[in-house]
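These are my notebook entries from a session spent looking things up in one protein model. I kept them in the order in which I asked my questions.

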Amino acid sequence: MSPAGETGTSSTPPRANAPAHGASIIESTPNSRGASVISENIGVLGSRVKKVRPWIQRDIEQVKECKADAMLQALLQRASSAPETEQPELLQKCLKAVLPVCNGQASTALVKSSDVETALNEYVRPGAENKFYGPFIRATNIALACLEEIKVDGMRVAVPAVDMICQQNDMPMYQIHQTAKSTRKPDVVILPLNSACTPFQDEKGGKKGGKQQKDNQKDNAMDDERDNAMDNEKDNEKRKKKRKAHMDTNATAKPKNLPWKDVLASIEFKRKTPGRTKGISPPPPSYTVTDYIPTKPEYLPVDHLKAEDPAPGPSQIPATQPAPDTAFLSSGLAAQPSQGGSSSKRKATDNLESAAKKSKMDPADTNDDMDDDLDVTVQTGLYAAEMFASNLGVNYLLNLIIIDDVMWIWYYDRQGIIQCSGINFIQDLPRFMVLLYALQRFDLHGWGRNKDFLPVQVEGKQCHEFKINDKELGEVDLLLHTSHDERVTHYGLQGRATNVVPVTSEALAKKYDNFQDGMVAKIFWGEASRTSEPEILDKVEEIAKVHPTVQGHIPKLLWHHTFTNPTSAIREALGVPEPTKGSRVLYILVFPKLRPITKLHGTELFDVWYQCILCHLTLWKEGVYHRDVSPGNLMWYWKDGKRIGVLNDYDLSSLANVQGPQGNERTGTVPFMARELLTEEGQRGKVKHLYRHDLESFMWVFAWICLRYREGVLLPRKLRSLDEWATLGAIACGEKKLVFLNDLSPFAPPDIDKLTWSVLVSCLLVLKRDADDRYYLRFQEPSDSGADQPNAEELDPDAFLSKFTCSKSWLALSKPSK
């Protein structure tokens, strides 16, 4: 579990798994996908939030596709009164049921559906992008008010505790990720009604009334307990009037400081040049139920992202800069500055216009992140990353991308991304109405929020409560302190998405003695095909019983739970190919809290680091392969006045009795991976992961801490080296490491302890000589097949470690201090 100081990202991340040339056997898990390789908090490598953008892009490159009707059917199924029972007829039933709304034949006491057509006719007029937020919002909200009254056999009724509403935003939204701040500016968002009203009530000093304002303070309808607040008809009528008042006044106004935690979905608009100058085809005179007609394009393209952003080497772009945003522009889906009501013509007729995404924040705040001209798919992916980060254990998210009159639904979860084929919501209005009909019947769990983590206020701080029956302990209660400064969060789309949160528990306190530093809960999405971390820790515990180098040097698992919600289920329903590949399930594990190794220096750093090396060595020889050595996974605690090193985090580890690489996620954090794994062969999975690779990772960790920290404190950016290792792709980072090994003089800090520096230099010298020896040996002793082998057979682990431990400086630093 990473400390809350640094996290690994790369602005030129490695590509998705590439097939090995002429081979069918993968020796190790390749450096795989996008944001799944990011370490679990923004700060470990000192990278900024904006450095994550290219990782988001790599996730989007791997988007899967499904038909629009399959997506609508799946959403209706989730909103039905029997979501576990297949009901293939739901889509056709609902398409017929919404026709009166589409044809202006439905009305309520407060709205009439004929106004939907009026708003859509305004939407299709020529004009700049920001001119049609209002018509779309009005059409959507009027339709929602009418759809609430429609009953379909087998479907749930609308959920008043959520009461979704479409709200203009187009204002900066901020969020803190560890020590970094992000700034995003979605065009339009879907919110619970109370969340939409709150910013405007605050501006008016709470004029809306006491009872309702108190309700808003209770997390703005984000707690399921509010389901009973409007049960009677009188309250229901008040809600509808409140909704109508907001629709008429503030739904198309710009709110201030909307919190990401309240956003149910974001909607990003783009308009092509013809749409700005000539307008869009108007609605037909009437609507009927028809077969789906494919749009052009049927799916939003992502191949251009791969073609226009090749993984650069160190000579192509400065390592400290993000990937060039200009590469996104030629897709025709990039944001363009708004020119008010006028259009700004470009040579390419399919270039799109967007409202400007410029931050209004203090320019001196260098940690702020702001949207530049990004491809619309990347832009919307960043919104999804914010939504994931703002709530705990989110199961999935939905966002909408609208280009002219075509809408694409994008579904995000920790396994990956799915986009459905486009829906022309002007010409095929019934399908858009069915989408709204389904979403309106979602409770918060239906929107993807985790129903097991309930938000609560404790001493004015936001926390989450989790209770579950345990066979051994009875009810286990966890109070997750999610507002704590030491919480470690994740920023990205797919992958493990690890959160580490301080936790208290009466049940666990009764079973275990009080821990000096308290407890933490690790919440993450593990790959279902991997041996689970609890299973690996069981094996590790057995080894610890007979090996002193392991006993006390491994994390103590206090309690764990596996949720039964695999991400593959939606893919099976949608007919996505290989639905179980990379499927993930949610885990929660509770451990005693440990301290980060980055807080140590000099002899104490070396001592804890060496203890972790010895623990790792024994586990490797006993058949437990860690494979992800990084600063965040080396921890320590006090015992009897001594610092005890702990080799932590086994969720990417493997066991010797399991053949071949497991899972679909690469193991290792790029700046600390062995150089041999950072080659083209290594990235294709053709280099077998050996003990010496993990030991080399220990050496890179030692170098990282020695050169970037002083007295346990991360140096300022201008004073620390190796930042570029965190902003380069795998192969480019490997090349930088070679440059580093060949000339240490630019990296030698004047204030480092001489003995520590001597140990570091001797370790790096061993790495360089060993790599050189193996490289030239490949040409002297070719394999029987005549091909050069990427790496030789495994050297005895003890013998390889002894190459480092026999140096005079190592022996001197190993001596106990007097």
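Entry 1. Which helix lies across β22 and β23, and at about what angle does that helix run to β23? I looked this up in the model, which is a predicted one, and found that helix α17, made of residues 602–621, lies across the two strands and runs at about 40° to β23.

Entry 2. I then turned to the sheet itself, where three strands are arranged in the order β20-β22-β23, and I noted that the sheet is open and its pairing antiparallel. β20 (595–596) and β23 (642–647) are at the edges with a single partner strand each, so one side of each has no neighbour in the sheet. I reminded myself that the strands of a sheet pair through backbone hydrogen bonds, and that this can be done in a parallel or an antiparallel way. Between β22, which covers residues 634–639, and β23 I found six bridges in the antiparallel sense. Taking one residue as an example, I followed W636 to its bridge partner in β23, which is G645.

Entry 3. How many helices and strands does the protein chain have? I wrote down 23 helices and 26 strands. Of the 818 residues in the chain, 61% are buried, and about 33100 Å² of the chain is exposed, with carbon and sulfur atoms supplying 51% of that area. I also looked at the contacts with a separation of 6 or more, and 76% of them are accounted for by residues 24 or more positions apart.

Entry 4. I wanted a helix that is mostly covered, and I chose α2 (residues 68–78), in which eight of the 11 residues are buried. Among the buried residues of α2 I listed M71, L72, L75 and L76, and also Q73 and Q77.

Entry 5. Is L382 buried or exposed? This residue is in helix α12, residues 376–390, and its relative accessibility is 0%, so I recorded L382 as buried, the cut-off being under 20%. Although L382 and L493 are 111 residues apart along the chain, I found their C-alpha atoms separated by 8.3 Å.

Entry 6. For a contrast in topic I went to the surface, where Y775, Y776 and F779 make a nonpolar patch of about 360 Å². Y776 belongs to helix α21, residues 754–780, and I counted Y776 as exposed because its relative accessibility is 52% and the cut-off is over 50%.

Entry 7. My last search was for unusual backbone geometry. I kept in mind that most residues other than glycine have a negative phi and that most peptide bonds are trans. Which peptide bond is cis? I found that the bond from K296 to P297 is cis, with omega near 0°, and that P297 is in the loop between α10 (273–277) and α11 (303–308).

Entry 8. I then noted two residues with a positive phi, beginning with D170, which has a value of about 50° although it is not a glycine. D170 sits in the loop between β2 (164–168) and β3 (173–177), and its relative accessibility of 6% is why I marked D170 as buried. The other residue is N257, with phi near 60°, and its place is in the loop between α9 (233–249) and β6 (265–272). With a relative accessible area of 59%, N257 is exposed.

Note on methods
Residues numbered from 1 in each chain as written. Predicted model: local features only at pLDDT ≥ 70, side-chain atom pairs only at ≥ 80, totals over all residues. Heavy atoms only, no water. Pairing = 2+ DSSP bridges. Helix = DSSP H or I, 4+ residues; strand = E, 2+ residues; numbered from the N terminus. Contact = heavy atoms within 4.5 Å. Axes fitted to C-alpha atoms, helices over the stretch in contact; angles between N-to-C directions. Patch = residues over 30% accessible without salt bridge, like charges linked within 9 Å, V, L, I, M, F, W, Y side chains within 5 Å. Areas by Shrake-Rupley, 256 points an atom, 1.4 Å probe, with all protein chains shown as cover. Salt bridge = Lys/Arg side-chain N within 4 Å of Asp/Glu carboxyl O. Buried < 20%, exposed > 50% of the residue type's maximum accessible area, 1.4 Å probe, protein only.
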